[in-house]
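Here are my notes after going through this model, set out as numbered points. Have the structure open as you read.

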Amino acid sequence: MKAANVNNSATQSAPVAKKPGIKARVQKFGSALSNMVMPNIGAFIAWGLITAIFMKGGWFPNADLAKMIQPMVNYLLPLLIAFTGGNMIAGHRGGVVGAIATIGVIVGSNIPMFIGAMIMGPLGGWAIKKWDDAISDKVRSGFEMLVNNFSAGIMGMLLAIVGYYGIGPVVAGASAAMAAGVNWIIKVNLLPLANVFIEPAKILFLNNAINQGILTPLGIQSAASAGKSILFLLEPDPGPGLGVLLAFALFGKGTAKASAPSAMIIHFFGGIHEIYFPYILMKPALFLAVIAGGVTGTATFSLLNVGLKSTPSPGSIFMLFIMSPRSISNYIGLLLGVALATVASFIVAAIILRRDKSMGAEDLAAAQGQMSAMKNAKNGEAVNPAEAADVIASYKDVDHIIFACDAGMGSSAMGASLLRDKVKKAGIEMSVTNTAISNLKDEPGLLVITQDELADRAAQKAPHALRLAVDNFLSSPKYDQVVVNLKARDQVSPEPAPASAAPQSATEDPSALPDNLDLTVVNEVVFVHHDGHLGTATMATSLMKGRLKKANKSIAVKNLGIDELQDNHSLLVVSSSEAAKNLKTRYTHVQVLVTDDLLNSPKYDKMVLGLK
């Protein structure tokens with residue numbers, strides 16, 4: 001597949017040799033933690049609901065059903081995490097060994113062993129993978145199943161023993177120390193300062209790593225004994241993001257102002273917090289706004305003793321109330337904390353935006369990009385003339401599209417849904433799905449769409465794929481370009497000449513122009529798209545612009561429908577022989593150049609030379 005660059009964002013290249021930067025490494029480590037938890041969020045929510053409904057003091061207390069609470073938090077949740085971690089390393093076999101190994105740390109401790117599961121699960125997968133690699137070519141035929149089963153069992157048993165005597169006590173001690181530290185921070189009212197680090201880290205797409213990888217395990221331990229935990233609210237609080245989006249809706253400019261209201265709905269009610277990240281990155285001073293909102297919200301939660309039963313995912317206001325204990329004071333405190341966080345964030349963001357008297361370069365670029373995309377989609381034009389051939393060459397092998405985000409659930413799912421709808425309406429048969437970036441595979445025919453911040457990691461995971469980076473999954477103008485390019489790649493293959501066309505004489509010059517053409521009066525060249533061949537005309541238009549530019553000819557080049565032409569002798573229409581039949585019946589004054597190779601006709605050199 002030929003390398004290409006689509007609007008400076010889509011790339012297809014050889015494997016990346018350079019080492020990933022610190023930021024990419026931190027994101028990768030954070031994703032490894034969160035990716036062990038995110039696929040099992042349903043189980044965490046189930047545990048939270050069972051706890052909130054059936055425990056003593058719950059909505060409908062039931063002593064028998066409440067017996068599920070402790071086994072779930074002590075065994076089910078850690079084992080699910082461990083299996084997922086092992087499965088990430090060595091598939092189902094790695095997951096089984098990881099789960100066996102984790103039993104050792106669970107039994108050897110008296111606290112929920114989530115951190116231990118995050119260690120033992122991947123360790124089990126790594127160990128069995130190394131074993132399999134070492135003996136794969138040494139097992140005699142017929143003994144494969146016997147060796148595989150016993151090796152997994154023995155490896156799991158040994159790791160469980162190591163976990164029980166070695167890793168379990170260390171993790172328990174470390175967890176106790178962290179829990180004591182968190183409790184001390186809460187007692188001295190310093191917990192709100194955590195948002196000084198949490199809010200900026202969220203914007204750098206470490207939100208899932210922070211919440212699922214760090215705060216959720218600590219929160220589960222706290223909620224298991226206290227019935228609720230404020231740690232579940234540090235990252236999911238929608239107040240800071242809502243305040244920033246509200247400020248953009250009132251005081252923003254350009255596309256940011258126009259898109260903010262819909263972003264507020266998706267963020268606050270849908271719980272997709274990633275939607276406001278580009279607004280912050282557009283004006284980095286707004287980091288102060290979300291920090292102010294986060295600190296204010298957490299301070300309010302801490303002061304009013306607000307907490308949740310389990311982690312809310314997604315971070316929707318609805319999920320926050322669902323995960324809240326049955327307590328009027330907790331509901332009121334929760335609502336007040338989110339409201340004050342919104343107000344604090346809004347005030348700071350409003351001051352910053354109102355002091356900005358001119359449209360920011362980033363916002364202006366975004367507005368121009370969207371306008372250009374809308375214009376190009378209308379005119380059927382999608383690419384730079386100098387890059388037209390490369391773009392088509394790169395898109396020609398694409399047979400499926402994957403949206404990849406940090407967790408592979410919220411924003412990427414919505415982005416995939418948007419593009420899937422556009423592709424379907426364009427009549428293109430194409431699979432459009434979403435996944436976590438850690439699960440990307442370097443598959444043939446793959447187009448990866450990811451956020452700008454995750455582009456480096458996408459390049460590492462799928463170096464041979466065509467890649468497209470966008471600043472916002474939910475409102476990128478580049479989706480229209482993808483659709484146009486996909487349509488174009490299906491139409492640029494050489495079209496067979498009509499059966500009725502007379503065979504070309506062996507002595508006829510294929511570059512010869514019709515005698516009746518008067519190129520000296522031509523001031524506009526038009527490529528006609530006919531019978532849905534919009535993509536071919538689009539690419540031909542782009543390539544012709546490049547030819548004329550190199551020849552220093554200032555002739556306008558367009559592509560139009562056959563009904564959009566002006567019957568003028570100064571208009572040169574380039575069309576296929578099929579379209580030419582209709583042209584001659586509708587127009588009498590336009591000049592027509594017939595060629596069945598719209599992209600690279602041998603007639604073009606003489607045509608360009610003859611133009612004034």
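**Notes on the predicted model**

1. Start with helix α3 (residues 69-107). Its 39 residues would reach 57 Å in a straight helix at 1.5 Å a residue, but the end C-alpha atoms are only 17 Å apart. Look at Ala 90 here: α3 bends by about 145° at that residue. Bear in mind that this is a predicted model.

2. For contrast, take a look at helix α4 (residues 114-135). Its 22 residues reach 32 Å from the first C-alpha to the last, close to the 32 Å expected at 1.5 Å a residue. The buried residues in α4 include several glycines, namely Gly 116, Gly 121, Gly 124 and Gly 125. Phe 114, Met 118, Met 120, Ile 128 and Ile 135 are also among the buried residues of this helix.

3. Helix α7 (residues 239-251) is another one whose span agrees with expectation: 13 residues should cover 18 Å at 1.5 Å a residue, and its end C-alpha atoms are 18 Å apart. What I'd point out is the burial. Of the 13 residues in α7, 10 are buried, so the helix is largely enclosed by the rest of the structure. Among those buried residues are Gly 239, Pro 240, Gly 241, Leu 242, Gly 243 and Val 244, along with Phe 248.

4. Now the overall picture. The protein chain has 20 helices and 10 strands, and buried residues make up 50% of its 612 residues. Among contacts with a separation of 6 or more, 72% are between residues 24 or more positions apart. The accessible surface comes to about 27800 Å², and carbon and sulfur atoms account for 63% of that.

5. Which residues have the most contacts inside the largest nonpolar core? They are Trp 47, Ile 81, Val 244, Phe 248, Ile 280 and Leu 286, in a core of 66 residues. Helix α12 supplies the largest share of this core, with seven residues. Leu 286 makes a good place to zoom in: beyond its sequence neighbours up to four places away, it touches Val 244, Phe 248, Tyr 279, Ile 280, Ala 349 and Ile 352. Val 244 and Phe 248 also appear among the buried residues of α7.

6. There is another core, apart from that one. It has 21 residues, including Ile 401, Leu 447, Val 470 and Leu 486. As background, nonpolar side chains in soluble globular proteins tend to be buried together.

7. On to the rings: the count comes to seven aromatic pairs. In one of them, the rings of Phe 321 and Tyr 331 have centres 5.9 Å apart and planes at 25°, so the pair is stacked. Phe 321 sits in helix α11 (residues 317-322) and Tyr 331 in helix α12 (residues 328-355), so the pair ties together parts that are 10 residues apart in sequence. Phe 321 counts as partly exposed at 27% relative accessibility, while Tyr 331 counts as buried at 18%.

8. Phe 527 and Tyr 604 make an edge-to-face pair, 6.3 Å centre to centre with 85° between the planes. Phe 527 belongs to strand β7 (residues 524-529) and Tyr 604 to helix α20 (residues 604-610), so this pair ties together parts 77 residues apart in sequence. Both partners are buried: Phe 527 has a relative accessible area of 0%, and Tyr 604 is at 1%. Ring pairs also link Phe 268, Phe 269 and Phe 318 into a cluster.

9. Where does Asn 305 sit? You'll find Asn 305 in the loop between α10 (287-303) and α11. Its phi is near 55°, a positive value in a residue other than glycine, and Asn 305 counts as exposed at 55% relative accessibility. Val 306 lies in the loop between α10 and α11 too, but Val 306 is buried, with a relative accessible area of 3%. Leaving out residues up to four places away in sequence, Val 306 touches Ile 230, Leu 233, Phe 301, Asn 330, Gly 333 and Leu 334. Val 306 and Lys 228 are 78 residues apart in sequence, yet 8.2 Å apart in space, C-alpha to C-alpha.

10. One last backbone item: Asn 552, in the loop between α18 (534-550) and β8 (556-561). The phi of Asn 552 is near 60°, again positive in a residue other than glycine. At 71% relative accessibility, Asn 552 counts as exposed.

Technical notes
Residues are numbered from 1 along each chain as its sequence is written. This is a predicted model: local features need pLDDT of at least 70, side-chain atom pairs count only at pLDDT 80 or more; totals for chains, interfaces and linings use all residues. Side-chain values use heavy atoms; hydrogens and water are left out. Helices (H or I, at least four residues) and strands (E, at least two) are DSSP runs, numbered from the N terminus. Buried means under 20% relative accessible area, exposed over 50%, partly exposed in between (1.4 Å probe, protein chains only). Contact means heavy atoms within 4.5 Å. Accessible areas come from the Shrake-Rupley method with a 1.4 Å probe; for residues, only the protein chains shown count as cover. Rings of Phe, Tyr and Trp (its six-membered ring) pair if their centres lie within 6.5 Å; planes under 30 degrees apart count as stacked, over 60 as edge-to-face and the rest as tilted. The expected span of a helix is 1.5 Å times one less than its number of residues. The bend at a residue is the angle between axes fitted to the seven residues ending there and the seven starting there. A nonpolar core is a set of buried Ala, Val, Leu, Ile, Met, Phe, Trp, Tyr and Cys residues joined through side-chain atoms within 4.5 Å.
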